[in-house]
There are 2 protein chains.
Amino acid sequence: MSEVEVKKTQESLQDRLAQVVELLQRQRVVEDLTHRQEGANSDRVENLVHRQNLVELQRKLDDLHSADVAYILEALPLDDRLTLWQLVKADRDGDILLEVSDSVRESLIADMDDHELLAAAKDMDADELADLASELPRDVVHELMESLDQQQRERVRSALSYDEEQVGALMDFEMVTIREDVSLEVVLRYLRRLKELPGHTDKLFVVDYDGVLKGVLPIKRLLVNDPDKQVAEVMASDPVSFHPDEDAYDAAQAFERYDLISAPVVDKNGKLIGRLTIDEMVDLIREESESEVLNMAGLREEEDIFASVWKSLRNRWAWLAINLITAFVASRVIGLFEGSIEKLVALAALMPIVAGIGGNSGNQTITMIVRAMALDQVSTGNTSRLMRKELAVALINGLVWGGVIGVVAYMLYGSWSLGVVMTAAMTLNLLLAALMGVLIPMTLAKMGRDPAMGASVMITAMTDSGGFFIFLGLATIFLL
Amino acid sequence: MSEVEVKKTQESLQDRLAQVVELLQRQRVVEDLTHRQEGANSDRVENLVHRQNLVELQRKLDDLHSADVAYILEALPLDDRLTLWQLVKADRDGDILLEVSDSVRESLIADMDDHELLAAAKDMDADELADLASELPRDVVHELMESLDQQQRERVRSALSYDEEQVGALMDFEMVTIREDVSLEVVLRYLRRLKELPGHTDKLFVVDYDGVLKGVLPIKRLLVNDPDKQVAEVMASDPVSFHPDEDAYDAAQAFERYDLISAPVVDKNGKLIGRLTIDEMVDLIREESESEVLNMAGLREEEDIFASVWKSLRNRWAWLAINLITAFVASRVIGLFEGSIEKLVALAALMPIVAGIGGNSGNQTITMIVRAMALDQVSTGNTSRLMRKELAVALINGLVWGGVIGVVAYMLYGSWSLGVVMTAAMTLNLLLAALMGVLIPMTLAKMGRDPAMGASVMITAMTDSGGFFIFLGLATIFLL
C-alpha cells in the first residue's frame, strides 16, 4: 500500500487515545439512556446526541494515521474496539488490519463479513496478502487468489510456502530493477516515468537479462554521480543479500549491524526474487525481544492486554501446571525431612531464605545468559570460561551473604552450628543456581528450543528443591 | 563517518568468530612456548610462527566490516579482546569504538593512550564525539574541543547538554538543506556538487533564510517529478518532526509506527537544528527491551557477558541484598507460626507450594503489565478493568489448581480440613499476586521509576511473605 503522509499535530498519541476513550464513554452513556427510555418522547434528542458523538469520533479517526488508529484499537477493550472499528472508513480497513497485532487482528476479522474482507484485501500486495491469508476464511482466500494475475498468485504462494521465521515470509516484491549497461541519465528518466517509487527505496537492483542480481545502485550514488556514467561503473557489485530460507532474525541482525534500509533476496541461482526492508526488520526485533520477556515468565505471546479471561487462562495454564509439579516435588523434598523439622522447628523458618536467594540469583544468571545467547555471544569456545565466572560470582555471594544470614541465624536461635549450616547451604545453593543458570538455556538451545522458554520457572524449581535438600540435609547430618 | 561497503561472504558471523578464536588460541600456545624457552635456540622458530599467526589474524580483521569487528571484540574475554584490539589498524579505531557496547568500549579506551585516542576521534562528527566524550580522559576531550571549529564545538556542547534519553542526545547534524523557491533541476545539480550524501538521506530538509523548517522533500518525489517543478510544489509541508528535549523512546516509537528513515529535529522556534535516523532508533529499541529484561531480574545493564567477577558482583549485589531482606521477612513470618508447625509438621512441607505458585503467577501478571505499559497501552481509563480481569484469572486458577493441590494434600496427610485450608490459601495468595502484579509496576511508574525495576524480586517478596502468612494463619485458626 502507498505510504501515507503523516500529519504532525502537537497532541501526543496518549492524548488522542484519551479523547477517543472519552468519546466512546459518552457514546455508551447515551446508548444506555436510549435503551432504557425506548419509545419515550426524549428519543429524538438522545438520537441526535448519539449521532453528533459518532460524527465527532469519525472525524477524529479520519485525521489519524492508520498506525495510530491501530494503536488505539489495540489499547481498547473488545466492545469499544468493535464500536470504533465500525466507524473506520472501509477503504482504510486493509491498511489498519496490516498494522494491528495478531490477536487484535483476529478480533477485528471475526467482526467482518466476507464482503468487507474482500474489499479490504483487494488492494493489498502479494506479501501483505500472504501475511493475512492464514487468518482469513477459506472461501475469502480462494476468491482473492482467483482475482490475482499469474505473477501475483505465484508470489502469494511462494510467500506462503515459507515458515514465518524465514526471510521468504517477510520479503516484499516491490523492487525497482535496472540494467548495468545503461547510463545514469537513462535510469533517472526511467524513474520519472514510474510516477511513484515503493517505500524504503534506498537502492535500485541491477539485474541481467535472466534476472540474476549483478549489484545494487544506491540512490545516493545515482544522485551525486555524473549522469553520463554507466550503471556498471557506479553500482556496488557485491552487496549484502539474503536467501529466502535464511533465518529472518539473522537478517534483522544484519540490518542492524550494517545499517541497511533495504536488501535484495536472491534464490540459489542468484536470481533476484524479492527484497527485505528495515520496517519489517524493526517489527521483528521488537517481537523477538517481547517474546523473550514473555517466554521467561512462561507466557505465550498471543495474549493481548484485553484478552478475555478464558484466553488468559489458556495462555498461562501450561506453565502454572508445570510449576505446580515442581512445587510439589519441592514439597516432597521437605517431606523427607519432616522428622528433622519436628526436632528443630527453626529449620522451617530458615529454609525459604536459602531457596529464595538461590532462585533470585539463578534468575539473574539465566537472564544474562539468555540475553547473550540472543546476541550470539555464547559459543562452545567460551562456555567453560563463562561457567567459571558465574561460579566465582556465586561462591563470593554465597560466602558473603550466606555469612551475613548465618550471623543473623545465630542471633535469632543462639546456635553457632545452625549459623554455619546456613552459610554452607546458601553457598552450595548459589553454586547450584549458577550451574543451572548456564546449563538450562544451553541445553534448551541444543535441543532446538528457545533458550528463554520458561527459564524462570525451571531455575526456580531447581533452586527450591535443591535449596531445601541441601539445607535440610546438612542440618540433619550436622545438627541432629 | 562514511558508510563502509559491506562485503558479503558465504561465512556466517559465527564462523568468523570461531576462526578468530582459533587463531587467538594458537597465538596463546605459541606465546606460552616462547615464554618458557626464553633464551633457548628454538626461539627464532617460535617467533616466526608467532609472526605468521599475527599476520593471518590481521588479514582476517582487515576483511571485516567495523560492525563485525565490534561484534567479535564483544564476544571475547578481556585478554583476547585486547590482543585483537592491538591488531586493528589505527584508522579504524574510531569506527569500531562507536560500534561496541558501552562496557566493552570502556575496556578498549582504558587500553589506549591519549595519542591513540586523539587519532581515533579526530575524524568523528560532532554527535559521535558527544557520544564518546563522557568516557574519554578530560585532557583528551579538551584537546579535541580545541581542534574543532566554532560550529562543531557548539554542536558537541549542545549534544552534551541533553540527557541521554532525550532526542537532542541522539540527533546528528548531517542534514542536506535546500530552499523552497528553486526547481528540482537546481536541487539535482546541487546534490551532484556535494559528491557524497550523508547516510540515511531519504529526504532533504527545506528551510527558509532564517533556517526555519518549511517542509521536507522526499528523495522519492525528487526522482519521479518533473525537474522543472519548484521544490515548494513537491515537498511535504507538514512532516513529522521532533524537539530536542522530547523523550527519545517516544521518537523511536514514532519511527516504528510511521516507518520513518530520517526526521528533522527543530527548536521551539521551528528552526532546523539536527535530524534523527532509523539506525539510532533501532539501537534504542533494542536497548530498551534489553534493559526491560535485565531490570525485571534486578540487573543493571552495564554488565557484559565477560565482565570481571568483581563487576558482576557490583551489578548484582543491590537486588540480592534487597532479596535477602525480603527473604528474612518471609522467614520471620514463618517464625511467628513456629508453634503451629511444631504441632503439625505437614505445614512446613506444604507452605512452599502456596508461596511458589503465587510467585510464578504474580510474575506472569507483572510481565504482562510491564510490557503493556512499555507499549503505552495502560491508561487510567482502563486500570480497573485490567485489575478485574487479572483478579478473575487468579480466582479461577486458585480454585482449580488450589483444588487439585488440596486433594493431593488430603491424599498425603489424610486430612480433609488440611486440603480445604490449602485450597483457600492458594486462592487468596493468587489474588494477592494479581493485585500486586498490577499495583507494583503502576506505583513505580507513578513515582517516575522504571516499572520493570526489580519487579520480579518485589512480587516474589509479596507472594512469599503473603503466602506463608495466609497459609499458616488459616491453618492455625482452623486446624489447631
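The paragraphs below look at how chain A and chain B are arranged and how they meet in this predicted model.

A good place to begin is the relation between the two chains, since chain A can be laid on chain B with an RMSD of 0.1 Å by a turn of 180°, together with a shift of 0.1 Å along the axis. The two copies are thus related as by a two-fold rotation axis. The contact surfaces fit this picture, for 98% of the interface residues of chain A are also interface residues in chain B, so the copies meet through the same surface.

Turning to the extent of that surface, 132 residues of chain A are in contact with 130 residues of chain B. The size of an interface is often given as the accessible area lost when the parts come together. Between chain A and chain B the buried area is about 12,100 Å², and carbon and sulfur atoms give 62% of this area.

Particular contacts can also be picked out across the interface of chain A and chain B, where eight salt bridges are found. One salt bridge joins the side chains of A:R257 and B:D68, with a distance of 3.7 Å from N to O. Across the interface of the two chains there are also 20 residue pairs in polar contact, counted where both residues have pLDDT 80 or more.

On the side of chain A that touches chain B, helix 19, which spans residues 346-374 of chain A, gives the most, with 18 residues. By residue type, this side of chain A divides into 71 nonpolar, 26 polar and 35 charged residues.

Technical notes: Residues numbered from 1 in each chain as written. Chains lettered and ligands numbered in written order. Predicted model: local features only at pLDDT ≥ 70, side-chain atom pairs only at ≥ 80, totals over all residues. Heavy atoms only, no water. Least-squares fit on C-alpha atoms with pLDDT ≥ 70 in both. Contact = heavy atoms within 4.5 Å. Buried area = accessible area lost by both parts, 1.4 Å probe. Salt bridge = Lys/Arg side-chain N within 4 Å of Asp/Glu carboxyl O. Polar contact = N/O pair within 3.5 Å; in protein donor to acceptor, adjacent residues only side chain to side chain. Helix = DSSP H or I, 4+ residues; strand = E, 2+ residues; numbered from the N terminus. Nonpolar A, V, L, I, M, F, W, Y, C, P; charged D, E, K, R; others polar.
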